[in-house]
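Good morning, and thank you for making time for this short talk. Please have the sequence and the model open while I speak.

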Amino acid sequence: HRVILGVDRLDYTKGIPECLLAFGRMLELFPEWRSKVSFLQVSVPSREDVPEYADQRARVETIVGRVNGEFGEADWVPIRYLYRSYDRGQLSRLYRTADIGCVTPLRDGMNLVAKEYVAAQNPERPGVLVLSSFAGAARELRDAVHTNPWFVDGMARDLDRALRMPLDERRARHQKLFAAVTRSTALTWADDFLSALEGCRA
């Protein structure tokens, strides 16, 4: 049984509804995946007192109910939706066991979840990172499967592609992704930032 994992704050920029719709569309386009793959979406509560965020939660839960109602079986739930936060140890285990990490913001400055997913993988049997082209991390993580969260059919096909990716290709991509993640740290960012400031003064 395969697992696709999404971990996001419940925020309208994170593309949670779009990703869940793409998963449902994948089950429609590629019915051979039914009963063989589930989507685990962790949505961390955010700004619960703001009406727009409450609307976003209602939209996500409506999509989850519709996809599960349309495709679910007595022994298989397509989407498992968890509206809660997890500590770092629990998240690391979720990242490591997921076959696909789905990080599909509509627009994001960086997105550290993508890097955390890469860092948590077993290099011998790594999962595949499906990453929005509109995440800042996409500039560094070029060996992820880049996708467009505004195009549901395209993202559905990218999820299918990631699920079918052979082990050799997964290992090769992960090796490059891991090198990119370990090369760029908070310390290197601070050094680059200070160097840029020095350059301005000069």
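I will go through the sheet, then a pair of helices, and then the two pockets.

Before that, a word of care: this is a predicted model, in which local features need pLDDT of at least 70 and side-chain atom pairs count only at pLDDT 80 or more, while totals for chains, interfaces and linings use all residues. Residues are numbered from 1 along each chain as its sequence is written, and side-chain values use heavy atoms, with hydrogens and water left out.

Let us begin with the sheet, which is open, has 6 strands in the order β3-β2-β1-β4-β5-β6, and pairs in the parallel sense. Strands here are DSSP runs of E with at least two residues, helices are runs of H or I with at least four, and both are numbered from the N terminus; two strands pair if DSSP finds at least two bridges between them. Because β3 (79-83) and β6 (145-147) stand at the edges with a single partner strand each, one side of each has no neighbour in the sheet. Further in, β1 pairs with β4 (residues 100-103) over 2 bridges, and L5 stands opposite G101 in β4. Helix α4 packs on this sheet and touches β1, β4 and β5 (128-132), its direction making about 170° with that of β5; contact means heavy atoms within 4.5 Å, and angles run from 0 to 180 degrees between N-to-C directions, with axes being lines fitted to C-alpha atoms, for helices over the stretch in contact.

Now to the helix pair, where α1 (residues 16-29) and α2 (residues 51-71) pack at about 10° with their axes 9 Å apart. They are therefore roughly parallel to each other, a term used for angles under 35 degrees. Among the residues that meet are L20 and L21 in α1, and V60 and I63 in α2.

Which residues lie nearest the centre of the largest pocket? They are L112, K115, S184, T185 and A186, out of 13 that line this pocket, and α4 (112-120) and α7 (186-201) are the elements that give two or more residues to the lining. A pocket, on a 1 Å grid over the protein atoms alone, is an open set of points where a 1.4 Å probe fits, with protein on both sides within 12 Å along at least five of seven lines, and lining residues have an atom within 4 Å of a point.

Finally, the second largest pocket has 15 lining residues, with V7, D8, R9, V44 and V113 closest to its centre.

Conventions. Angles under 35 degrees count as roughly parallel, over 145 as roughly antiparallel, 65 to 115 as roughly perpendicular and the rest as oblique.
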